[in-house]
Amino acid sequence: MSTLMKGALRCLPALAPAGPHPHPPGAGNLSYSFALPGGAFCAGLARRVVGDLLTRHELTELRDTAVLATSELVAAAYRFTPDREMLLRIHWQFDALRIVLYDQHPCHGTPERAEECRERRSADMWLLAAAVEAQGGDWGLAPALAATGGSKTWALLHP
């Protein structure tokens, strides 16, 4: 057997030494993405993860609103695409917390049907709208711009 490494393995970086992380968690390095399997339990799971991340990254002043926003984004995705995987992204950028959820909502056959669905889904997220706007933030819903369809919903929160 050859001792030469082939393929991508030889490109892997060396492991970092154990010990304290050189850059402790703070707002500037908050950037996480993870998939959720899509069950009804995902809203609770996402709430706990987002709450913990904001505490660890010293953004506790946004925690309550962010946890509520995350829960509403996941719940809406579940209502419109039950039991389908979704992707949650939470990151700090341009002095704001951005929470983005991608789901697998199917494409609609006509622009009219797509607009009806968007209006229904927007109306269904009234609690998200109220919470985010009370914090001075913004929220939205748009097609995910993927060939397979899907929706992108987000909340933007300022400290």
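The following chat goes through the helices, the pocket and a few single residues of a predicted model.

User: What kind of model is this, and how are residues numbered?
Analyst: This is a predicted model, in which local features need pLDDT of at least 70 and side-chain atom pairs count only at pLDDT 80 or more, while totals for chains, interfaces and linings use all residues. Residues are numbered from 1 along each chain as its sequence is written, and side-chain values use heavy atoms, with hydrogens and water left out.

User: How many helices and strands does the chain have?
Analyst: There are four helices and five strands, in the order β-α-α-β-β-α-α-β-β along the sequence. Both are DSSP runs numbered from the N terminus: helices are H or I with at least four residues, strands are E with at least two.

User: What share of the chain is buried?
Analyst: Of the 159 residues, 38% are buried. Buried means under 20% relative accessible area, exposed over 50%, and partly exposed in between, with a 1.4 Å probe and protein chains only.

User: And what part of the contacts is long-range in sequence, 24 or more positions apart?
Analyst: Among contacts with a separation of 6 or more, 62% join residues 24 or more positions apart. Contact here means heavy atoms within 4.5 Å.

User: Moving to α1. What is its span?
Analyst: Helix α1 covers residues 42-56, 15 in number, and reaches 21 Å from its first C-alpha to its last, close to the expected 21 Å at 1.5 Å a residue. The expected span is 1.5 Å times one less than the number of residues.

User: Which of its residues are buried, and what do they pack against?
Analyst: Cys-42, Ala-43, Gly-44, Ala-46, Val-50, Gly-51, Leu-53 and Leu-54 are buried. The buried residues of α1 pack against β1 (31-36), α2 (63-80), β2 (86-93) and β3 (96-102).

User: How about α2, how far does that one reach?
Analyst: Helix α2 has 18 residues and reaches 26 Å from first C-alpha to last, close to the 26 Å expected. Since 13 of the 18 residues are buried, α2 is largely enclosed by the rest of the structure.

User: Is Thr-70 in there buried or exposed?
Analyst: Thr-70, in helix α2, is buried, with a relative accessible area of 0%. Leaving aside neighbours within four places in sequence, Thr-70 is in contact with Ala-46, Arg-47, Val-50, Leu-88 and Ile-99.

User: Which non-glycine residues have a positive phi?
Analyst: Glu-58 is one of them, at about 60 degrees, and Phe-94 is another, near 55 degrees.

User: Where do they sit, and are they buried or exposed?
Analyst: Glu-58 is in the loop between α1 and α2 and is exposed, with a relative accessible area of 60%. Phe-94 is in the loop between β2 and β3 and is exposed too, at 69%.

User: What volume does the largest pocket have, and what lines it?
Analyst: The volume is about 300 Å³. The lining has 18 residues, and His-108, Ala-114, Pro-143, Gly-150 and Ser-151 lie nearest the centre. Elements giving two or more residues to that lining are α3 (111-124) and β4 (138-143), with the largest share, five residues, from α3.

User: What counts as a pocket?
Analyst: On a 1 Å grid over the protein atoms alone, a pocket is an open set of points where a 1.4 Å probe fits, with protein on both sides within 12 Å along at least five of seven lines; lining residues have an atom within 4 Å of a point. Grid points are joined across faces, edges and corners, and the volume is the space filled by probe spheres set on the points.
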